[in-house]
Amino acid sequence: MIKKPVAKILGTGSALSGKVLSNFDLEKMVDTNDEWIRERTGIERRYILEEGKANSDLAAPAAEEALKEAGLVAEDLDMIIIATITPDTSFPSTACRVQAKIGAKNAAAMDVAAACSGFIYGLTLANSLIATGAAKHVLVIGSEVLSRITDWEDRGTCILFGDGAGAAVLGPSEGDKGILSAYIKADGRLGDLLHLPGGGSLNPATHETVDQRLHYIKMEGNRIFKHAVRTMRDAALHGLDLAGVDASELDLLIPHQANMRIIEAIQSRLKLSDEQVFVNIKDYGNTSAASIPIAMNQARREGRLKEGNKCLLVAFGGGFTWGASLIQF
Ligand code: UT7
């Protein structure tokens, strides 16, 4: 039996800005080639935010597009949650900066750090806030400027990441539309397989940490790959189970866009057709917490996600963190 949702998505938005860096551009920077990147990841190009701009410069326009579609103004927001691992600054939070930028003077604001699963974490929190009545309108944004923490000398990681932001405005649901399940989990024991060692209280910035390149993403890609496939498959099944929906009933799966081969493995394990899976990794690369809301906005604009459709979001990321959410639009 499908549960009655308490919260629904009222509007979505996204923002992509800066230089488009192609695989051919990367060939000139590290020992790699277009064919390898396309075959191993599915990526062809990615956005790199202009110098001098920051995360909130992407998050704010994404938020404004989502608010406009929701038919709301910034003052209507009670809460802003930004999922990110690349905030403007450690503090104030990027959510506070966006609150000021868009003029959401009635909203509380905070960042959530759950890496690539961050948007699903944010959505889950928003759903709970609306369910308890603590908030009526919640803005959830996934926004990343990964180019600032990417080691442009490491071919194992620099080919993967891109910058971007996606947003959703949530409000109360009275009918059948809305969040039918929201599931999040974590396992901190394997955190060092994908991490940013420098800049926190463990390794504060010094000349040595800069020389040792500790302020860049470190990743054991191959080991992460295996966990990502298994965990995203399990999360997807859990998200469906909690809502009492079978994979065959799905109109669209929107997986975190980390690697085309990971997406294909999940598609095949859930026995989904190409039409049931949304993929845009070719154009944006892996934008971490931003990948799902960017894809969701694109799917809606392209008519791949229509009124009444059932859509499953599923993600896996550093931490490890993972989660899934089934939404009826
Ligand atoms: O966002 C959530 C978390 N992140 C992920 O989900 C990422 C998951 N991992 C991956 O997407 C993949 O592991 C990568 C795309 C990062 C790497 O693909 P892979 O198939 O796992 O390659 P590999 O690391 O096993 O490397 C295979 C070979 C190696 O050469 P040898 O040892 O076989 O001679 C690498 O040195 O490919 C080499 N290689 C490259 N060659 C050309 C590694 N990176 C590159 C490169 N260009 N950029």
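**Entry 1: reading the labels.** Before looking up any loop, I note that helices (H or I, at least four residues) and strands (E, at least two) are DSSP runs, numbered from the N terminus. I also remind myself that this is a predicted model.

**Entry 2: a cis bond before a proline.** I started with Pro92, which lies in the loop between β4 (79-83) and α4 (94-102). I looked at the peptide bond that leads into Pro92 from Phe91, and that bond is cis, with omega near 0 degrees.

**Entry 3: another cis bond.** I then moved along the chain to Gly319 and Phe320, and found that a cis peptide bond joins them, with omega about -15 degrees. Where does Phe320 sit? I found Phe320 in the loop between β12 (310-317) and β13.

**Entry 4: a positive phi.** Next I checked Arg213, in the loop between α7 (207-211) and β10 (218-219). Its phi is near 60 degrees, which is a positive value in a residue other than glycine.

**Entry 5: around the ligand.** Which residues come nearest to the ligand? Of the 23 residues around the ligand, I noted Thr32, Arg40, Asn222, Asn259 and Asn286 as the nearest. I sorted the shell by class and got eleven nonpolar, eight polar and four charged residues.

**Entry 6: which elements build the shell.** I listed α2 (34-41), α6 (155-158), α8 (221-243) and α9 (260-269), each of which supplies at least two residues of the shell around the ligand. The helix that gives the most is α8, with four residues. Both domain 1 (7-175) and domain 2 (180-328) take part, and the shell draws at least three residues from each.

**Entry 7: polar atoms facing the ligand.** I went through three side chains here. For Arg40, an N or O atom of the side chain is 2.7 Å from an oxygen atom of the ligand. For Trp36, the partner is a nitrogen atom of the ligand, 3.4 Å from an N or O atom in the side chain. For His256, an N or O atom of the side chain lies 3.0 Å from an oxygen atom of the ligand. How much of the ligand does the protein bury? Taken alone, the ligand exposes 950 Å², and the protein buries 73% of that.

**Entry 8: the second largest pocket.** I turned to the second largest pocket, which holds about 190 Å³ of space. Its lining includes Lys8, Ile9 and Leu10, along with Lys177, Gly178 and Arg300. I also wrote down Leu305, Lys306 and Glu307, and then Ile327, Gln328 and Phe329.

**Entry 9: sorting that lining.** By class, I have five nonpolar, two polar and five charged residues in the lining of this pocket. The strands β1 (7-15) and β13 (321-328) each supply at least two residues of the lining. Which element gives the largest share? That is β1, with three residues. For the second largest pocket, too, I looked up the domains: the lining draws at least three residues from each of domain 1 (7-175) and domain 2 (180-328).

Key. Residues numbered from 1 in each chain as written. Predicted model: local features only at pLDDT ≥ 70, side-chain atom pairs only at ≥ 80, totals over all residues. Heavy atoms only, no water. 1 Å grid on protein atoms, 1.4 Å probe; cavity = no way out; pocket = protein on both sides within 12 Å on 5 of 7 lines; lining within 4 Å. Points joined across faces, edges and corners; volume = space filled by probe spheres on them. Nonpolar A, V, L, I, M, F, W, Y, C, P; charged D, E, K, R; others polar. Domains from an automatic or database assignment. Near = heavy atom within 4 Å. Polar contact = N/O pair within 3.5 Å; in protein donor to acceptor, adjacent residues only side chain to side chain. Areas by Shrake-Rupley, 256 points an atom, 1.4 Å probe, with all protein chains shown as cover.
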